Amino acid sequence: MTIENTTKIEIDTKQIGNYFTKTRTNVLGALQKEMTAQSRAMHRFVTIQYLRGGTTPNRLAVRSGNLIRTTIPIKTRIVGSMLEGGIQFGAKYAPVHVGEEGKITTIRPKASNKKGYLFIPVGRSLTRAGVFKGKYAKGGVRIVKQVKIKTRVHPKTIIQLFAPEVKRGFEEAIKTAIK
């Protein structure tokens, strides 16, 4: 007894190519959307956890509000084979406060300051927010040659805190995109 069973399957390779292109586009779009959401969440977390409240070893007090205003989520984009996103600390003095754990920055007077001292307002010379009152100040001034400031916001710590959630979010975005 002989049984012959032959099935002919025709495959349109163009259709398969279109499917993979569409899937790739869906996945990239979903990942971009997720990265944008993660960047915004990281921005909210950092501004609340590290840039508000009193000064502690890992938190900065608000003085002018400039560091908070200039800390923004990075616009998500695809660069080569990488997806880029996150947050950016925009204040020019941010590297003094944001950086590798244990980094110390020494601040000295500008060369144009012939006296060679830093004049730091204290006490009644400051507003409640800790901002110098300017010409109306009637309080004390601390005079020093230099100031050493330790970083308080550590990007590696922030990334370690967010890594599990970013991974979960990306996995979910991929699953949703390929359905």
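**Exercise 1. Find what share of the contacts with a separation of 6 or more in the protein chain comes from residues 24 or more positions apart, then describe the fold.**

Solution. Start with the contacts: residues 24 or more positions apart account for 62% of those with a separation of 6 or more. Keep in mind that this is a predicted model. Next, go through the secondary structure, which comes to 4 helices and 6 strands. Along the sequence, these elements follow the pattern α-α-β-β-α-β-β-β-β-α. Finally, look at burial and surface: of the 179 residues, 25% are buried. The accessible surface is about 13600 Å², and carbon and sulfur atoms hold 56% of it.

**Exercise 2. Work out which elements give two or more residues to the largest nonpolar core.**

Solution. First, list the residues. The largest nonpolar core has 14 residues, and those with the most contacts inside it include M42, V46, Y50 and I158. Then assign elements: α1, α2 and α4 (155–177) each give two or more residues to this core. A second core, of 5 residues, lies apart from it, with V27, A30, L31 and A173 among its members. To zoom in on one residue, take M42: leaving out residues up to four places away in sequence, M42 touches I87, I158 and F162.

**Exercise 3. Classify the aromatic pairs of F45 with Y50 and of F45 with F162.**

Solution. A pair of aromatic rings is described by the distance of the centres and the angle of the planes. The whole structure has 2 aromatic pairs. For F45 and Y50, the centres are 5.9 Å apart and the planes make 80 degrees, an edge-to-face pair. For F45 and F162, the values are 5.5 Å and 65 degrees, again edge-to-face. Because F45 lies in helix α1 and F162 in helix α4, this pair ties together parts that are 117 residues apart in sequence. Put together, F45, Y50 and F162 form one aromatic cluster.

Now add burial, with the limit for buried set at under 20% relative accessible area. Y50 has 6%, so Y50 is buried. F162 has 12%, so F162 is buried too. F45 has 27% and therefore counts as partly exposed.

**Exercise 4. Explain why Y117 and V62 count as partly exposed, and place both in the chain.**

Solution. Partly exposed runs between the limits of 20% and 50%. Y117 has a relative accessible area of 34%, so Y117 falls in this class. V62 is also partly exposed because its relative accessibility is 34%.

As for position, Y117 lies in the loop between β3 (104–107) and β4 (118–122). Y117 also joins F119, V141 and I143 in a nonpolar surface patch with about 370 Å² of accessible area together. V62 sits in the loop between α1 (13–49) and α2 (66–70). From V62 to V131, the distance is 9.4 Å, C-alpha to C-alpha, across 69 residues of sequence.

Definitions and conventions: Residues are numbered from 1 along each chain as its sequence is written. This is a predicted model: local features need pLDDT of at least 70, side-chain atom pairs count only at pLDDT 80 or more; totals for chains, interfaces and linings use all residues. Side-chain values use heavy atoms; hydrogens and water are left out. Patches are made of residues with over 30% relative accessible area and no salt bridge: like charges are joined within 9 Å, nonpolar side chains (Val, Leu, Ile, Met, Phe, Trp, Tyr) within 5 Å. Accessible areas come from the Shrake-Rupley method with a 1.4 Å probe; for residues, only the protein chains shown count as cover. A salt bridge is a side-chain nitrogen of Lys or Arg within 4 Å of a carboxyl oxygen of Asp or Glu. Buried means under 20% relative accessible area, exposed over 50%, partly exposed in between (1.4 Å probe, protein chains only). Contact means heavy atoms within 4.5 Å. A nonpolar core is a set of buried Ala, Val, Leu, Ile, Met, Phe, Trp, Tyr and Cys residues joined through side-chain atoms within 4.5 Å. Rings of Phe, Tyr and Trp (its six-membered ring) pair if their centres lie within 6.5 Å; planes under 30 degrees apart count as stacked, over 60 as edge-to-face and the rest as tilted.
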